[in-house]
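Let's take a walk through a protein chain together. Keep the picture open while you read, and turn it around as we go.

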Amino acid sequence: MIWTIIIGILAGFIASRLFKHEGSGCLIDLVLGLIGGWLGGNILSWIGISWGGTVLGQICTAVVGAVLLLWVFSLFKK
């Protein structure tokens, strides 16, 4: 559980920086990373990509999902 939270915060932070979404805070990064992990895991499995169960693979999957989530939110924000 604690490891999931750490990966979620890290993935949300990385996605926020990649997408230049600043000032979101630790809680928003956590939520973004957790939802991004779920979304990224589903989307990548649908297209047949698996980075294994390593920590780096989990972080990359969550970052991909979080960036997609931020992109969708930016479409509605405009």
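To count helices and strands, we need to know what qualifies: both are DSSP runs, with at least four residues for a helix and at least two for a strand, numbered from the N terminus. By that rule, this predicted model has three helices and zero strands. Follow the sequence from start to end and you read the pattern α-α-α.

Now zoom out to the whole chain. Its C-alpha atoms fill a box of roughly 35 × 30 × 15 Å along the principal axes. Is that what you'd expect from a compact globule? What radius of gyration would such a globule have with 78 residues? The answer is near 12 Å, and the chain has 12 Å, so the two agree. Contacts tell us something about the fold too: among those with a separation of 6 or more, 66% join residues 24 or more positions apart. As for the outside, the accessible surface comes to about 5200 Å², and 75% of that belongs to carbon and sulfur atoms. On the inside, 31% of the 78 residues count as buried.

Let's pick up helix H2, which runs over residues 25-46. H2 has 22 residues and reaches 31 Å from its first C-alpha to its last, close to the 32 Å expected at 1.5 Å a residue. Which residues of H2 are buried? They are Asp 29, Leu 30, Leu 32, Gly 33, Gly 36, Gly 40 and Leu 44. The cover over them includes H1 and H3. Here's a handy rule for looking at lists like that one: an α-helix has 3.6 residues a turn, so residues three or four places apart point the same way.

Not everything in H2 is tucked away, though. Leu 27 also sits in this helix, but Leu 27 counts as exposed because its relative accessibility is 62%, and the cut-off for exposed is over 50%. Try finding Leu 27 and Trp 51 in the picture: they are 24 residues apart in sequence and 26 Å apart in space, C-alpha to C-alpha. Just after H2, look for Gly 48, which takes a positive phi of about 85 degrees.

Next comes helix H3, residues 55-77. H3 has 23 residues and reaches 32 Å from first C-alpha to last, close to the expected 33 Å. Its buried residues include Gly 57, Ile 59, Ala 62, Leu 69 and Ser 74. Among what covers the buried residues of H3 are helix H1 (2-18) and helix H2.

Val 55 belongs to H3 as well. Buried or exposed? Val 55 is partly exposed, because its relative accessible area of 36% falls between the 20% and 50% cut-offs. Leaving aside neighbours within four places in sequence, Val 55 is in contact with Trp 3 and Ile 7. The C-alpha atoms of Val 55 and Ile 2 are separated by 13 Å, with their positions 53 residues apart along the chain.

Last stop: the surface of H3. Val 72 is found in this helix, and Val 72 is partly exposed, at 32% relative accessible area. That matters for the next feature, because a patch is made of residues with over 30% relative accessible area. Which residues make the nonpolar surface patch of about 510 Å²? Val 72 does, along with Leu 68, Trp 71, Leu 75 and Phe 76.

How values were computed:
Residues are numbered from 1 along each chain as its sequence is written. This is a predicted model: local features need pLDDT of at least 70, side-chain atom pairs count only at pLDDT 80 or more; totals for chains, interfaces and linings use all residues. Side-chain values use heavy atoms; hydrogens and water are left out. Patches are made of residues with over 30% relative accessible area and no salt bridge: like charges are joined within 9 Å, nonpolar side chains (Val, Leu, Ile, Met, Phe, Trp, Tyr) within 5 Å. Accessible areas come from the Shrake-Rupley method with a 1.4 Å probe; for residues, only the protein chains shown count as cover. A salt bridge is a side-chain nitrogen of Lys or Arg within 4 Å of a carboxyl oxygen of Asp or Glu. Buried means under 20% relative accessible area, exposed over 50%, partly exposed in between (1.4 Å probe, protein chains only). The expected span of a helix is 1.5 Å times one less than its number of residues. Contact means heavy atoms within 4.5 Å. The radius of gyration is taken over C-alpha atoms; the globule rule is 2.2 Å times the number of residues to the power 0.38.
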